[in-house]
Structure formats: structure tokens, C-alpha cells
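I opened the notebook to look through one model, entry by entry. The topics are cavities, sheets, backbone exceptions, aromatic pairs and helix packing.

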Amino acid sequence: MLMILICAAWIALWILKPTNLWTKIWHEAEDRARPTLFGYYGLNFAVSTFPVIALAIIGFIYLHLLPRKPRIRQARSSATALSNPLVVNSIVGILSSFEILLVFLFVIFLVWTYYARISNDFKKLMPVKSLKLNTWQLKYLRVATRFGLLAEACLALLLLPILRGLSLFRLLGIQFEASVRYHIWLGTAMIFFATIHGGSTLFVWGVSQHIQDEMWRWQKTGRIYLAGEIALVTGLVMWITSLPQIRRKKFEFFYYTHHLYIIFLIFFLFHAGDRHFYMVFGGIFLFGLDKLLRFIQSRPEACILSARVFPSKAIELILPKHAGKASSPCKVTFMRNIYTTPKFFVIPIAGLKFTPTSVIFMKIPSISKFQWHSFSITSSSSVDDQTMSLVVKCEGEWTSSLYQMIHAELDSDADQMRCIPVAIEGPYGPATMDFLRYDSLLLVAGGIGITPFLSILQEIASAQSNRKYRFPSKVQLIYVIKSSQEICLLNSISPLLSNQPSKKWHLTLKVFVTQEEQSSVTVREVLNDLSLVRAVRFGTQSNYAVNGLESLIWMAALVGITSILFVIFLISLNHIFVPVEKKLPSEKLAAPSEKVVSKEKTPSWVADLIILSSFIIAITGSTLMAILLRWRRLKKQTPPVSLNQGKAVQVLGPIEEEHEINFGGRPNFEEIFSELEKETAGSDIGVLVCGPESMKESVAKTSQRKSQCFMMNANKDKPYFNFHSLNFTF
């Protein structure tokens with residue numbers, strides 16, 4: 001409830017900000033706060049910035065108290081319907097009703113903000129002293145200026161979707177990889193509005209023949225034009241290099257140029273001024289802290305324990321993870337009986353746990369010292385306490401270098417393979433496993449998109465002994481691949497395919513090989529063909545395993561401490577470098593037009609530098625604290641798993657005849673959904689799809705039609721399909 005109130009208050013602030021009523025109230029509040037210790041800058045931070053930080057702090061506490069296990073399924077509701085696809089299009093992708101509603105409300109907000117500002121400007125149209133503009137030029141200049149406010153609104157939300165450790169989207173159950181597209185939408189809209197803002201302003205300067213005088217100005221007060229032009233050019237470079245045509249073919253070029261965001265944000269601060277910057281500072285504050293926490297978490301480096309090379313240039317990497325250890329025995333005396341013998345017990349320290357579909361970000365310094373790549377975790381922390389695995393599809397330049405490195409070790413004659421150090425960020429995943437609460441699951445995977453489903457299936461199998469939670473009783477896995485050799489990627493779940501672990505749940509596999517003719521090969525034969533898989537074990541020189549993120553309570557405390565440090569230094573530096581303006585004694589009796597200020601007005605960029613300096617100091621202090629706590633945690637860590645504990649290739653036993661392998665065609669999702677309707681009457685079916693966009697769209701359209709039929713018939717005996725799209729990473 002508190003989070004809803006804070007979020008509603010922050011939204012109300014943005015809605016009321018363009019109105020004259022808010023302008024009047026806010027100016028009066030600033031005037032009252034100016035002579036106080038808090039100052040107008042403290043008031044701006046508390047009202048404009050801190051609500052976003054407060055949402056992060058309260059969100060961490062809420063997620064800490066939230067159980068990880070899936071909740072018992074409740075009755076079908078309209079909220080479930082809102083999460084299903086409403087629009088399926090090759091251009092915009094798959095959009096749910098909830099997403100369309102949010103986009104519509106945001107567009108309405110932008111229209112309202114622009115209308116309120118521009119209508120007020122036209123009523124109070126004032127000529128610009130430095131420019132000799134006629135009426136239409138003056139109006140067009142105001143139109144251009146107000147487009148900058150729309151870019152500011154987009155920037156306020158731009159960085160929130162790409163937070164990892166401090167992600168606010170975890171509260172909504174949205175994964176990091178899925179929320180990236182919101183960042184793309186907001187970034188595109190911001191650049192569009194900023195380009196109109198900057199280009200139209202330059203046009204007005206050009207027609208008034210003042211462009212040479214205005215575009216190079218670094219004003220002492222007010223908007224700094226040159227800073228805005230630098231920010232706009234930097235933003236355009238980042239946007240152009242992030243286009244799919246460039247990002248997919250030249251990922252490294254996109255990756256490095258995207259770090260120009262530092263220059264963009266600094267010059268935006270100088271251009272917009274401190275008051276406007278406070279409106280967007282919440283996301284920047286959390287992003288900067290998140291970035292540093294990720295840097296600390298990735299130190300020290302671990303080593304790859306072993307690797308398995310599959311056909312079609314796929315590699316499974318086995319990494320050590322923190323398994324937890326027992327602390328020293330504790331002596332306890334039970335007070336109810338003073339003659340009771342003292343008891344000893346051991347308190348276990350929890351190891352690294354993560355939910356299915358989680359991803360990690362990995363860097364291999366021997367390939368690139370700066371590039372990070374995300375990968376889906378294929379193992380389950382409930383099954384394996386000491387290691388974690390991931391599958392890499394080697395297609396790009398970075399992954400191809402990894403493939404060649406592994407092959408070089410396989411082909412070498414050395415008795416001991418060299419150590420391959422890796423830095424790890426994450427795991428990042430959903431806060432709970434609510435997507436497993438359905439009666440049945442339909443998993444549709446294409447190629448390397450099988451990776452998140454491997455962890456889901458292992459989690460379901462391991463949870464059957466726990467009667468407190470409800471898991472799917474029937475799971476059907478549809479696997480679409482180009483070559484039958486890719487079936488080897490299912491090796492980690494081969495025991496589930498050969499021997500159903502219990503009668504509580506049932507797993508069915510249907511494989512569709514699209515680029516091979518009919519063959520007599522079976523799933524068991526492909527999985528048991530050990531010649532297709534080559535394994536290698538590496539030497540290790542690191543005593544550290546993957547530790548994962550810090551506790552949610554710890555991160556909530558760190559965010560709060562950082563914000564307090566920022567406010568302290570902000571107030572202190574402002575009182576030192578921007579003293580409160582005092583009036584002369586004669587000034588009290590003078591008319592307003594005759595008043596003079598005792599000191600020359602401080603340049604506006606000084607306040608901007610104070611914000612920047614306070615932020616750097618606060619972040620530095622929090623970083624040192626995080627490093628100390630990380631060091632203390634690593635001292636208590638047990639050494640990683642030994643080399644002899646790496647995973648081995650599993651041989652598939654007797655297989656059920658119901659597992660199918662089809663050649664030369666793609667799956668007919670209409671038939672698959674119809675069969676599920678007959679087999680699971682009256683149940684809720686979770687449809688999870690991960691693979692190429694074309695396959696996602698095909699499954700989404702089928703799920704959309706089936707769900708619409710259910711809503712029209714309102715028949716409780718018919719199954720209801722709940723669509724979820726997963727973004728695979730490799």
C-alpha cells in the first residue's frame with residue numbers, strides 16, 4: 001500500500017507540474033525553503049528524486065518478505081487476461097493488454113504536458129532580447145522549447161528498465177531481458193523529442209541570422225546552449241549505433257559507443273539546470289549505484305570447472321557456485337531445566353539460490369576485458385548445490401572466440417588444462433516461481449531457446465517431494481530445431497525423459513527437426529550418442545566461487561545510506577559555494593524594481609557541479625562500504641568444488657514411446673493447442689515460449705485466439721491459456 005501511495009504521488013507530481021497552480025505553490029515552497037538548512041535544492045531532491053529511491057528501498061524489503069515458492073493458484077481473474085497478448089505484429093512485437101494500457105496512458109500524459117505548457121506560453125508570449133523574432137518565429141521557438149520537456153519525461157524513466165541488481169521491474173515479475181524493450185521505446189521517443197527540440201531551435205536561430213552567436217554560447221545563467229547540442233549529438237550517436245542492423249552485426253561497436261551515456265547525462269545536467277535534473281535524477285541515482293555494485297560483485301574472478309562441446313557449435317560451461325557452509329557449533333542451555341545437558345547445533349549458512357529462467361552476465365578477460373554477455377542458467381539451485389551451468393551458442397565474434405579457446409584445450413596434449421578466469425554478475429531472475437503454479441505447462445522452445453526450460457523442468461522434478469506447494473501435473477515440451485544433433489542439448493534432463501520421477505507429474509517431448517529429411521533416429525539414440533559430445537576439465541587457480549547478489553535487506557540499507565550521504569554533501573557544498581543571497585538594509589525600503597543584490601549571482605553551472613560532486617562522493621563512500629562487506633563475506637566462503645565433481649554426460653535409459661521426433665516440418669500449434677484442450681479440460685495452462693521472434697508470434701496468435709474463445713464462452717470446463725514470452729540469452 002505504501003509503495004502504491006508513493007508511486008501515485010510521484011505520478012501526480014508529473015501531472016500537476018505543467019499547471020499554473022503547481023508553479024505558484026512550488027515557487028512559494030522554494031522561497032520558504034531557501035533560507036533553511038535544507039535549502040531549495042534539498043526540497044527539490046526530496047520531492048522530485050527521493051520517491052523513486054524510496055520505491056527501490058521499500059521494494060527490496062517487500063521482495064525479502066515475499067516467498068520464493070509459487071503460490072496456490074487462485075480463480076481466473078481479469079488481471080490474468082491483461083497479461084495475455086492483445087497485439088501480435090512483426091514490427092511492434094507481442095504486446096499485452098497491460099502494456100498497451102500503460103503506453104496509452106503515457107502518451108496521454110505527454111499530450112497533456114505539452115498542451116498545458118504551450119497554451120500557457122502563447123498567453124504570455126514574451127520577445128527574446130537577444131533575438132529579433134517576429135510572431136510566428138517566437139511561437140515556433142516556444143514549440144521547440146517545450147518538446148524538450150517531453151524528452152525530459154522519457155529520460156526520467158529511461159534507465160529504470162535496465163537496472164539489474166536494483167531492478168524495480170522485479171516487483172511486477174518482469175525479467176531484465178524482457179524490460180530492455182521498454183528502454184528501447186523510451187530511448188527512441190526521447191531522441192525523437194530531443195531532435196525536434198534541438199533542430200527546431202537551430203532552425204529559428206538560422207532564419208533570424210543569429211545561429212553563429214547562439215549555438216556556441218556557454219551562458220553563465222539559464223540554459224547552456226552548447227551543452228545541449230553536445231548532449232543531442234551524443235544521444236543521436238548512441239541511438240544510431242543501437243539500431244538492430246548495427247547492433248546485431250557489430251555488437252562490440254554498439255557496446256562501446258553506448259557508454260557515451262556518461263557524457264550525455266553530464267551535458268544534459270549543464271543544459272537543463274539543477275531543477276530539471278532533479279526530475280530525472282532518481283533513475284540516474286539508482287543506475288549509478290547499480291553499476292558500481294555489479295562491478296564489486298564480479299570481483300574476484302572464478303574459474304570455469306569444465307565444459308562440454310555439443311554439435312552445432314554449442315558449449316555447456318560448468319561454474320562453481322557458493323554452496324554455503326556450516327558455522328561453528330553453538331552451545332545452548334535450555335532454561336526450563338537447569339540440569340539439562342548443554343546441546344550443540346550447527347547453523348548452516350545459505351548458499352547461492354536462484355529461480356528458474358534466471359540469467360547471469362559473464363566476462364572472460366582473456367577474450368575481452370570490457371565486454372559482458374548474458375546467458376540463461378540451465379541448472380537448478382534446488383538440484384545442484386555446488387555448481388551452476390549455462391549453454392553458449394557460438395555465433396558472434398565473442399562467443400566464437402570462446403568456442404575456439406575451448407577447442408584449443410580439447411586438441412592440446414597437456415595433462416592439466418589451463419585455468420580460464422571468468423567474472424560473473426547475477427544471477428538475475430524473477431522474485432518468485434509463480435509461473436509454475438499452473439495446472440499444466442506448454443513449453444515451446446526454438447534452438448538455443450531451450451536453455452531456460454532446462455532449469456524449469458529440473459525445478460519441477462525436485463519440488464515434487466514438497467507437498468506444501470502446487471506444481472504443474474502435466475508438462476509438454478515442444479522443441480523446434482534445424483538439426484537432430486541439437487537434441488544433445490537435452491542431456492541434462494535425460495533422466496526426466498527416460499524415467500518419470502513420480503506419478504505426480506508427466507513430461508512429454510515432441511521434437512521437430514525442420515531441415516532434415518525423414519529418419520529412423522530416435523530421441524534416445526541421439527542423446528546416447530556420446531561421440532557427439534566432447535568434455536574437457538580445466539585447471540583452477542581461483543579459490544572463489546560465484547557468490548551471487550547481496551541480500552535484499554543489505555541492498556535496501558545501502559541505497560538508503562547512499563541517499564543520506566548525497567543529501568548531506570549536497571547541503572554542505574551548497575552552503576560553502578552558493579551562499580544564501582542577502583539583501584542590503586536599504587533594500588528593504590526600496591521598490592521591487594529598485595532592489596539590488598549584494599553579491600553577483602552565482603553561475604548556474606556551479607549548482608550543477610555540486611550535484612555531480614555530491615553524487616560522486618556519496619557513491620564512493622557506499623562503494624567502499626560495499627567492498628568491505630564483500631571482503632568479509634569472501635573470507636567466510638568455502639573453496640569451490642573440486643575438479644572431480646564436474647558433470648558427466650548422462651546416458652538415457654528406457655524411453656517412453658510417447659516422446660516424438662518429427663522431420664521436415666514445423667509444428668502446427670493449432671493442433672497442439674487443440675490436443676491440450678482435450679487432455680486438460682477445465683485447467684489453467686501456462687504457455688511459455690522462448691525462441692525466434694517469428695515462432696513467438698505464431699504461438700502468441702494461437703494463444704490469443706484460444707483465450708478469446710474462452711472469454712466469449714465463459715466455460716469453466718475449458719482450459720484457459722496464459723501466455724508468457726521468455727527472452728533467451730546466449
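**Entry 1: second largest cavity**

Which element gives the most to the lining of the second largest cavity? I looked it up in this predicted model, and strand β11 comes out ahead with 3 residues. The cavity itself holds about 90 Å³ of space. I listed its lining and got 14 residues, with Q297, P300, I424, A545 and V546 nearest the centre. The elements that give two or more residues to this lining are β11 (421-428) and α19. By class, the lining of the second largest cavity divides into 8 nonpolar, 4 polar and 2 charged residues.

**Entry 2: largest cavity**

I then went through the cavities as a set. The structure holds 6 of them at 30 Å³ or more, and the largest has a volume of about 120 Å³. I found 13 residues lining the largest cavity, and L293, R294, Q297, L549 and E550 are the closest to its centre. Three elements give two or more residues to that lining, namely α13 (274-297), α18 and α19 (604-635). Helix α13 supplies the largest share, 5 residues. The lining of the largest cavity splits into 7 nonpolar, 2 polar and 4 charged residues. I noted that Q297 is listed close to the centre of the largest cavity and also near the centre of the second largest.

**Entry 3: the sheet that holds β11**

Having met β11 in the lining, I looked for its sheet. The sheet is open, has 4 strands in the order β3-β11-β8-β9, and pairs antiparallel. Strands β3 (302-303) and β9 (373-376) stand at the edges with a single partner strand each, so one side of each has no neighbour in the sheet. I checked the pairing of β8 (residues 359-363) with β11: the two run antiparallel and are joined by 4 bridges. What stands opposite M362 in β11? It is I424, a residue I had already written down near the centre of the second largest cavity.

**Entry 4: cis bonds and a positive phi**

I went on to the backbone. Most residues other than glycine have a negative phi, and most peptide bonds are trans. I recorded three exceptions here.

- The bond from R299 to P300 is cis, with omega near -10 degrees. P300 belongs to the loop between α13 and β3, and P300 is one of the residues nearest the centre of the second largest cavity.
- The bond joining G426 and P427 is cis as well, with omega about 5 degrees. P427 lies in strand β11.
- T357 is not a glycine, yet its phi is positive at about 75 degrees. I placed T357 in the loop between β7 (343-345) and β8.

**Entry 5: another four-stranded sheet**

I looked up an open sheet of 4 strands with the order β10-β5-β4-β15, again with antiparallel pairing. Which strands stand at the edges of this sheet? They are β10 (387-393) and β15 (534-537); each has a single partner strand, so one side of each is left without a neighbour in the sheet. The twist from one strand to the next averages 20 degrees. For the pairing of β4 (residues 306-310) with β15, I noted an antiparallel run and 4 bridges. Within that pairing, R308 has A535 as its bridge partner in β15.

**Entry 6: an aromatic pair**

I counted aromatic pairs next, and there are 29 in the structure. I took F169 and Y182 as one to write out. Their ring centres are 5.8 Å apart and their planes meet at 25 degrees, so the pair is stacked. F169 sits in the loop between α6 (135-158) and α7 (176-207), while Y182 is in helix α7, 13 residues apart along the chain.

**Entry 7: packing of α3 against α18**

Two packed helices are described by the angle between their axes and the distance between the axes. For α3 (residues 39-65) and α18 (residues 552-577), I have an angle of about 170 degrees and axes 8 Å apart. The two helices are therefore roughly antiparallel to each other. I sorted the residues of this contact and got 17 nonpolar, 5 polar and no charged. Helix α18 was already in my notes as one of the elements lining the largest cavity.

Key:
Residues numbered from 1 in each chain as written. Predicted model: local features only at pLDDT ≥ 70, side-chain atom pairs only at ≥ 80, totals over all residues. Heavy atoms only, no water. Axes fitted to C-alpha atoms, helices over the stretch in contact; angles between N-to-C directions. Parallel < 35°, antiparallel > 145°, perpendicular 65-115°, else oblique. Nonpolar A, V, L, I, M, F, W, Y, C, P; charged D, E, K, R; others polar. 1 Å grid on protein atoms, 1.4 Å probe; cavity = no way out; pocket = protein on both sides within 12 Å on 5 of 7 lines; lining within 4 Å. Points joined across faces, edges and corners; volume = space filled by probe spheres on them. Pairing = 2+ DSSP bridges. Phe/Tyr/Trp six-rings, centres within 6.5 Å; stacked < 30°, edge-to-face > 60°.
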